[in-house]
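Colleague: I'm new to this one, so could you walk me through it?
Modeller: Sure, let's take a look together.

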Amino acid sequence: MTSPQPKITVYWLNESRADRIVWLLEELGLKYDLKLFSRTKEQLAPPEIEELHPLGKVPLVQIEQEGKEPICLVESGFIMQYLTDHFAPAAKPSLIPKKWKEGQENTVGGETEQWMKYQHLMYYVEGSFMPSIVTGIILSMLKSPQVPFFIRPITGFVANQILDGFLVPQMDKHFDFLDSLLATSGGKYLVGDEVTTVDILLSFPLGQQAMRNRLREEIAAGKKGQGIWERHPKLLNYFERIEKLEGFKRAEAKIKEAEASQKK
């Protein structure tokens, strides 16, 4: 007898990493509820979030089953790995690469190359790549109208020095690394021809609007060829391919529908 699906609630914040949790649930074909929160004018999470978790962070996923204590999941990588490990084997096995080589089950070094790459990237996205994205967002704030106009030339100068001297070279390294993975994956995605949870996890940092707009701004300014995206066309094509996936589009539609309902 099949157990009933537990009740899944996703606590979502606009312009946050929660979008990819919704996409994963769409890929898994699971039912879920969305509880939406909006950022304050300072672009911070509202105080109510701290009632859910001491750090006031989302995404947060709650799983409720009859007769059991609710499970509260935080941190994007952990949430996605937990959902994938428990629900993908039955719902969508292709989200996880095959773990063991034939005849080498449960042995050190017996894992497949695809599974090793997948596991590494599950930690890489949040541990190495996202901090660079967050740094870029913070630096862009130093050049924004949020900074008083009389000191903005100073903060803007400092931000540009850090961007040009440190962050852009670091981002180039990340993009080179991801380019190399696509070149050697043997397929259209990071570990082959099928979308895995790693591709879903990576979709948020690659999709950050500031990252994607940089190339457009440089082209408009007559600096075509200097943009980080233009130097990595393979990665840009990969993300544009992701945007066309049905699960990705369903998740976007669900979020827009929930936002519209919230405004009524």
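Colleague: Before the details, which handedness does the crossing of α1 and α5 have?
Modeller: First, a word on the basis: this is a predicted model, where local features need pLDDT of at least 70, side-chain atom pairs count only at pLDDT 80 or more, and totals for chains, interfaces and linings use all residues. Residues are numbered from 1 along each chain as its sequence is written, and side-chain values use heavy atoms, with hydrogens and water left out. A crossing is right-handed if the near helix is turned clockwise from the far one by less than a right angle, left-handed if anticlockwise. The one between α1 and α5 is right-handed.

Colleague: How are α1 and α5 directed relative to each other?
Modeller: The axes of α1 (residues 19-28) and α5 (residues 197-207) come within 9 Å and cross at roughly 155 degrees. Angles over 145 degrees count as roughly antiparallel. That makes α1, relative to α5, roughly antiparallel.

Colleague: Is T196 buried or exposed?
Modeller: T196 sits in the loop between α4 (152-184) and α5. Leaving out residues up to four places away in sequence, T196 touches S94, L95, P97, Y118 and V191 (contact means heavy atoms within 4.5 Å). Buried means under 20% relative accessible area, and exposed over 50%. With 2% relative accessibility, T196 counts as buried.

Colleague: Within what arc do the buried residues of α7 fall?
Modeller: In helix α7 (residues 233-243), the buried ones are L235, Y238, F239 and I242. They line one face of the helix, because seen down the axis of α7 they fall within an arc of 95 degrees.

Notes. Axes are lines fitted to C-alpha atoms, for helices over the stretch in contact, and angles run from 0 to 180 degrees between N-to-C directions. Helices (H or I, at least four residues) and strands (E, at least two) are DSSP runs, numbered from the N terminus. Angles under 35 degrees count as roughly parallel, over 145 as roughly antiparallel, 65 to 115 as roughly perpendicular and the rest as oblique. Buried means under 20% relative accessible area, exposed over 50%, partly exposed in between (1.4 Å probe, protein chains only). The arc is that of the directions from the helix axis to the C-beta atoms.
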